[in-house]
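The following exercises are to be worked through with the sequence and the structure in view. Each task is followed by a solution in steps.

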Amino acid sequence: MRYERPSSMEEAVGLLTGATGTAAVLAGGSDLLVKMKGGFIEPDLVVDIKSIDGLREIRETSDGFSIGSAVSCAILGESAVLRKAWPGVVEAANLIGSKQVQGRCTIVGNICNASPAADSVPALVAAGAKASIVGPGGKRTIPVEEVATAPGKTSLTNGEIIDAILLDKRPPHSGDAYLRFIPRTEMDIAVVSAGVSLTIDEEGVVKSARVALGAAAPTVLLVEEAARILIGSKADAATLEKLAEACSAACRPIDDKRGTVAFRTKVAGVLAKRAAATAYARAGEK
Amino acid sequence: MVEVTLWGSLGAAAGGLNKIDIEAKDIRELFRKLAEQYPSLEPYIDRGIAVSIDGVIYRDTWAKELPEDAEIFLLPRLAGG
Amino acid sequence: MAGVAVTTTINGDEVEFLCQPDETLLDVLRDRLGLTGAKEGCGTGDCGACSVILDDRLVCSCLVLGAEAQGRQVETVEGMARGDKLHPLQQKFLEHAALQCGICTPGFLIAAKDLLAKNPDPTEEEIRFGLAGNLCRCTGYDKIVRAVQDAATVMKGA
Amino acid sequence: MGFDPRHLERNFKSVGTSPIRPDGVDKVTGRARYGADFNMAGQLVGRVLRSPHAHARIIKIDTSKAEKLAGVKAIVTAADLPDLTDGNSEMYAILDNCMAREKALYDGHAVAAVAAVDAHTAKRALKLIEVTYEVLPHVTDVDEAMKSTAPVLHDTVFTEGVEPKPDAPSNVAKRTQYGHGDVEAGFSQADFVVERSFKTEQTHQGYIEPHACVANTSPDGTAELWVCTQGHFVYRQHCAELLGLDVSKLRVTSSEIGGGFGGKTHVWTEPVALALSRKAGRPVKLVMTRDEVFRASGPTSATSIDVKIGARKDGTITAASASLRYSCGPYYGMWAELGAMTAFACYNLENVKTVGYEVLVNRPKTAAYRAPSAPMAAFAVESAIDELAKNVGIDPVEFRIKNAAREGTRSSYGPVYGPIGIGPTLEAVKNHPHMKAPLGKNQGRGMACGFWFNFGGQTCTDINIGMDGSVSLAVGTVDVGGSRASLSLVAAEELGIAYEQVKAVVADTSSLGYNDMTDGSRGTFSSSMATISAARNAIQTLRERAAQTWDIPVEDVVWEKGHAIAKGEKYGNLASLSLKDIAAKSGNTGGPIAGHSELVADGAGVSFATHICDIEVDPETGATRVLRYTVVQDAGKAVHPAYVEGQYQGGAAQGIGWALNEEYIYGSDGRLQNPGFLDYRIPVCSDLPMIDTQILEIPNPNHPYGVRGVGETSIVPPLAAIANAVSNAAGVRMTHIPMSPPRILAAIEAEQAG
């Protein structure tokens, strides 16, 4: 195995494009090194992108925020502006692993690992986040939900690297929230999860909403029916119950060591309604 | 002569006996006589039998004396964590 | 596999080593540098026994490549005491009987040091969540939490 | 050694205090050396190849390609560990478990091992070993394994303990029975009967330190082994027997041990490391990965238990019975038997019957786990007791007090009890403020009792007095939780000196006589007896030396508060001699001063505990939260109270993990799905509240200070206490451990659906 630490995106893309055998991108390493340890992947080349200019920065742009792909979730959590604008995204990112893992892991790594249970992804999908991709063919931007195509698989092509995640500026009266279910209080992978982002008008009526579920299908689910139920409501109890039902109905989970189909289906709805209530309350505060 | 009570499975191995009267002054003699009189108990003795004398369990000490009026109970030698 | 030459700072001392590109920082510390205070309990970032501080960030050294330490600052349990004077956390762990087998102790000490550096006056809940990445199987955590609370009090007064 | 009643009035000087442990500074500075922290010059890296199949015949192992790989120095298979066990079935099971012979019997069973110059090469070599398997049908579930249609693991196993002897082989290795009276007659007198079935899943001790050793075998027939173990003398015995070494030529040093809880009571990879070293002619370090620890060390049994208890209207239990089925892994064990013995040990029962079935399954070899087998039986019995109390209409604590065993009760496993602590722990719980604290919505309280035997065993201790008056204490029981501190306190107490003057070490196998391992809560109990005896021997010598110094008869010299005192008015002008004074002149008075003791520490006192816990259940998700937890347990005499509390808290925490989340999950392919700390979920810091403890001291009549073992009993009540709390909070009786959120939610929904 070869270890490279390029200082520019061009160099990194060149290394990946020119690689023979298996190449892997290293940012936080909290998935990659575990896979290497278990012998699930034996890369011939590891490209550490942390020394590339700008990749460890959170930038506020005219449209919103650009989060560099080597920004650790701990750094993300320390960003006051981001916490204020996208509390749901930040709390989701801060749920990944322990303090130790927080010091290393990144949301881009979380997206590219393509696990259906990734914590940050439902929140990012609900937030309408986009991935900025650099590759041998230039730059492109796609919605976050289009990155993972199946468990462990992404739409990135050979030599492509996500350099940043883009989040919009928030209109007033907006809020988001993310909730996951884990058996312990920490250190677990989500059994099922839900992210909700919404904007309300002056009267408290939901104008727009996005609802996403994690670990409820092979990839993160954007539940449009749930958003339709929320829009036009004041997130009252009856609406939230309908939302929960819609979310449960949309689930296509599996039975595995972390949970059953019945459990995930039921709890997806419970979490979605609770996250929606939190997002709605947050929207009302701003 | 002491009266020795056997635990369930040991009693079954001894032909359904629950209690045995045996002339033995200590644990060593008890095991020897048990093996002589009840050959089917030998595998159990080899695997390890503990002797409870008035509620105190002896796992190893052969020399322990068996008082005439004592409450003597045989148990399998236990494992612990 | 060609070795990678690394220059780094460990517990304030500049250190140079040669490691395999896929070798973890934990393996480097333990097998190449003789710093066996960090322990391998799982190798997958789930137990925290290998915790070290890397440039002011608490990390599992089993999830860091040795090569990544180039030009950075590494702090391990071996660097906590000053000469023969124990760090307040070390002292309080002893006084509160906060260790039984002690295998998790170096990781807890490092994690607690990082916690108190960022939050000198944590609540019990903040301590519990702050140390959730470190597994202890002997103590039930009770005495560990108390030791950290006590150390925080002492360190605030210092 | 009997209890000395003078200790009831006596104010101990050292015993009962909680000083800093002698190994403490090393452990907080990273200096302490555990299994994997030791290295030898020229050492090779050992790795083990493990079966990916739950059950498979090993047709052929071709190591030729691996042998050709540069850097590979030795490869061993079962052929390199020939059967020297001479009909000893227990040792044969250990051997076969270390290295599979005809068949791989579980996912993770070792089939070959390699020693190479580095980890990379060893890993590559494993991939080059070609094993041809004939995959066989497997069974991992304890109830499935008992069916006549189940795949049979060994065609040589016929159920023992049933008459007539069965004519077909089966996975039920043994049936055992305990009890007295007539249960049928007892049930006919009952006004209320509770009858229920329970299941518990397999759990692991979860010690944070993986098994690790460094083996060094010399062509001259000697060998050394550095290893983390609960019993280095036992490991020496096992390794010597399995490798054909002379016991005394194998020197085993126990490293600091990073947790064992029963899992490090017999050998796993150590004989393999020695075999590799023997073949390679170099030292070999072999460290298990976490994945290997879960797949191939010794977890506890999975169980399936039926319980029936009957009571009269006044709350008197008239009869109790249980049928207990425990998985043993692929080899014979006595796990169900321990369950059958302990199940009803807390109660005074006229009619009781328990039957245990040892069941072989394609899972790792079951090992002891802290009060082995008792927690599962207690879960079933204490759940049924709670339900019965409710049906009768009596408070669960009162119901238990009414039926509790006491001095003179015939225990359910046979012997009659001496003075015991179950009644006092129940009274303490009844009066504990925790029992009266208010509960909120969706919150429930549960309590439960637990019992464990406690052991003594072979023990050997040396005391050597330095010329400066400092004392070295060499013990042979591995220190798993602070026993060097407690034994130093005992030595200081006897010798009448300061704790700081004593330095305790765990001696290697060549420096001390044989010691049984640290199991059965025996470490402090047994070694304190040997320490007291060794100290008294040393005091005898100290008195003789003083007498010689003064030139008076030794009978006139007494030992008080660390000093020799000449007794009698005629010696009025003789100033007392301190231990230090006598030690300083020892060269002139007969040489070094030491005290030795070799004994069998019989008479371990049985132990009881009662726990209380409050749980909150989220009825929409089945999530649980432990709000409050209290442990009340009899210690006999707490030598080092802080470490006694630590044992109580640690056992409770392990029990909480077992009750709520920990379990081995097998796929339909018979492979373990969760061999890591990510999905084998032991409690993390934020999962638990502070764990309150109350130490009761009901002296053990068979120990000079009244000490009882304290290590294990604390894991017995939690499963039941939490099950009772969850059942009260959720409004539905939980019968399957762990009570994971999916199980709780399913139970709540089933109850709501009627």
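**Exercise 1. Decide whether D:Phe379 is buried or exposed in this predicted model, and characterise its ring pair with D:Phe198.**

Solution.

Step 1. The relative accessibility of D:Phe379 is 0%. A residue counts as buried under 20%, so D:Phe379 is buried.

Step 2. The partner ring belongs to D:Phe198, whose relative accessible area is 2%. D:Phe198 is therefore buried as well.

Step 3. A pair of aromatic rings is described by the distance of the centres and the angle of the planes. For D:Phe198 and D:Phe379 the centres are 5.3 Å apart and the planes stand at 75 degrees. Planes over 60 degrees apart count as edge-to-face, so this pair is edge-to-face.

Step 4. It remains to place the two residues in the chain. D:Phe198 is in strand β8 (residues 192-200) of chain D, and D:Phe379 is in helix α12 (residues 374-392) of chain D. The pair links distant parts of the chain, 181 residues apart.

**Exercise 2. State which parts of chain D are tied together by the aromatic pair of D:Phe233 and D:Tyr514, and classify the exposure of each residue.**

Solution.

Step 1. The ring centres of D:Phe233 and D:Tyr514 lie 6.0 Å apart, with 70 degrees between the planes, and the pair is edge-to-face.

Step 2. D:Phe233 belongs to helix α8 (residues 232-243) of chain D, whereas D:Tyr514 sits in the loop between β19 (502-506) and α17 (523-550) of chain D. The pair therefore ties together parts that are 281 residues apart in sequence.

Step 3. D:Phe233 has a relative accessible area of 0% and is buried. D:Tyr514, with 29%, is partly exposed.

Step 4. To put these pairs in context, the search over all chains finds 21 aromatic pairs. Ring pairs also link D:Tyr413, D:Tyr417, D:Phe451, D:Trp452, D:Phe453, D:Phe455 and D:Phe608 into a cluster.

**Exercise 3. Locate D:Ser533, classify its exposure and list its contacts.**

Solution.

Step 1. D:Ser533 is found in helix α17 of chain D.

Step 2. Its relative accessible area is 16%. The cut-off for a buried residue is under 20%, so D:Ser533 is buried.

Step 3. Leaving out residues up to four places away in sequence, D:Ser533 touches D:Met1, D:His596, D:Ser597 and D:Leu599.

**Exercise 4. Describe the interface of chain C and chain D by its contacts, its buried area and its polar interactions.**

Solution.

Step 1. Four pairs of chains are in contact, and chains C and D share the most contacts among them. In this interface 46 residues of chain C meet 50 residues of chain D.

Step 2. The size of an interface is often given as the accessible area lost when the parts come together. For chain C and chain D this area is about 4000 Å², with 60% on carbon and sulfur atoms.

Step 3. Four salt bridges are counted between chain C and chain D. One of them joins D:Glu662 to C:Arg137, with the closest N and O atoms 2.8 Å apart. There are also 24 residue pairs in polar contact across the interface, both residues being at pLDDT 80 or more.

Step 4. On the side of chain C that touches chain D, α2 (88-95), α3 (105-118), α4 (124-130) and α5 (142-157) of chain C each supply at least two residues. By class, this side has 21 nonpolar, twelve polar and 13 charged residues.

**Exercise 5. Describe the interface of chain D and chain B, and determine which element of chain D gives the most residues to it.**

Solution.

Step 1. Chain D contributes 40 residues to the contact and chain B contributes 23 residues.

Step 2. About 2300 Å² is buried between chain D and chain B, and carbon and sulfur atoms give 56% of this area. D:Pro415, D:Phe455 and D:Asp602 supply 22% of the area that chain D buries against chain B, more than any other three residues.

Step 3. Two salt bridges are found across this interface. One of them is formed by D:Glu160 and B:Arg47, whose closest N and O atoms are 3.0 Å apart.

Step 4. β7 (172-180), α11 (335-342) and β17 (457-465) of chain D each give two or more residues to the side that touches chain B. β7(D) gives the most, with five residues.

Technical notes:
Residues numbered from 1 in each chain as written. Chains lettered and ligands numbered in written order. Predicted model: local features only at pLDDT ≥ 70, side-chain atom pairs only at ≥ 80, totals over all residues. Heavy atoms only, no water. Contact = heavy atoms within 4.5 Å. Buried area = accessible area lost by both parts, 1.4 Å probe. Salt bridge = Lys/Arg side-chain N within 4 Å of Asp/Glu carboxyl O. Helix = DSSP H or I, 4+ residues; strand = E, 2+ residues; numbered from the N terminus. Phe/Tyr/Trp six-rings, centres within 6.5 Å; stacked < 30°, edge-to-face > 60°. Buried < 20%, exposed > 50% of the residue type's maximum accessible area, 1.4 Å probe, protein only. Polar contact = N/O pair within 3.5 Å; in protein donor to acceptor, adjacent residues only side chain to side chain. Nonpolar A, V, L, I, M, F, W, Y, C, P; charged D, E, K, R; others polar.
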